[in-house]
Amino acid sequence: MARMAVLPPLRVVASEPLTGRMRRVTIGGDALRGLEPLPPAAHVRLLFGDPGADVTLPVAGSSGLTWPPGRPRPYARSMTVRALDRAAATMAIDVALHGDSAAGRWACAAH
């Protein structure tokens, strides 16, 4: 069964090209220490706001996620987790770079 958690904003701690159309971005933050071990091919949903805008986070409740009224919903993209290091509080995610997408723009700008 899939587990749901809404984590606070995380930061990019590393970024490297894998191929011309794939980039590995490593994100970090103390909230990652508390995650349960992930099975192979686990995925996460990353939320992206418009460039320069704050990202509105949902609130997890008994019936799922709810979004604050009157706030724009961010773009959500599912990504496969390549590695979770709970001791280091990092997670590596490979991002496909195709077209002008929110995830692709973020991955290309990540440092």
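**A guided reading of the predicted model**

Leaving aside neighbours within four places in sequence, Ile93 is in contact with Arg23, Arg24, Val25, Ile27, Val44, Leu46, Met79 and Thr80. The structure shown is a predicted model, and Ile93 offers a convenient point of entry to it.

Several of these residues recur in the nonpolar core. The largest such core has 18 residues, and those with the most contacts inside it are Val25, Val44, Leu46, Met79, Met91, Ile93 and Val95. At least two residues of this core come from each of β2, β3 (43-48), β6 (75-85), β7 (90-96) and α1 (102-109). In soluble globular proteins, nonpolar side chains tend to be buried together.

Strand β2 also takes part in a pairing with β1. Strand β1 covers residues 11-19 and strand β2 covers residues 22-28; the two pair in the antiparallel sense over seven bridges. The connection from β1 to β2 is a hairpin of two residues. Within this pairing, Glu16 has Arg24 in β2 as its bridge partner.

Arg24 leads on to Asp94, which lies in strand β7. The side chain of Asp94 makes a polar contact with the side chain of Arg24 at 2.6 Å, and another with the side chain of Arg82 at 3.1 Å. Asp94 counts as buried because its relative accessible area is 14%, which is under the 20% cut-off. Apart from neighbours within four places in sequence, the residues in contact with Asp94 are Leu18, Met22, Arg23, Arg24, Met79, Thr80 and Arg82.

Attention may now turn to the largest pocket, whose volume is about 1500 Å³. Its lining comprises 44 residues, of which Ala5, Leu7, Val44, Arg45 and Leu46 are the closest to the centre. Strands β1 and β3 and helix α1 each supply at least two residues of this lining, and β3 gives the most, with six residues. Val44 and Leu46 are thus named twice, being also among the residues with the most contacts inside the largest nonpolar core.

Two alanines in loops complete the account. Ala41 is found in the loop between β2 and β3, and Ala89 in the loop between β6 and β7. Although Ala41 is not a glycine, it has a positive phi of about 65°; Ala89, likewise not a glycine, has a positive phi of about 60°. Is each of them buried or exposed? Ala41 is exposed, because its relative accessible area is 62% and the cut-off is over 50%. Ala89 counts as buried, because its relative accessibility is 3%.

Conventions:
Residues numbered from 1 in each chain as written. Predicted model: local features only at pLDDT ≥ 70, side-chain atom pairs only at ≥ 80, totals over all residues. Heavy atoms only, no water. Pairing = 2+ DSSP bridges. Helix = DSSP H or I, 4+ residues; strand = E, 2+ residues; numbered from the N terminus. Core = buried A, V, L, I, M, F, W, Y, C linked by side-chain atoms within 4.5 Å. Buried < 20%, exposed > 50% of the residue type's maximum accessible area, 1.4 Å probe, protein only. Contact = heavy atoms within 4.5 Å. Polar contact = N/O pair within 3.5 Å; in protein donor to acceptor, adjacent residues only side chain to side chain. 1 Å grid on protein atoms, 1.4 Å probe; cavity = no way out; pocket = protein on both sides within 12 Å on 5 of 7 lines; lining within 4 Å. Points joined across faces, edges and corners; volume = space filled by probe spheres on them.
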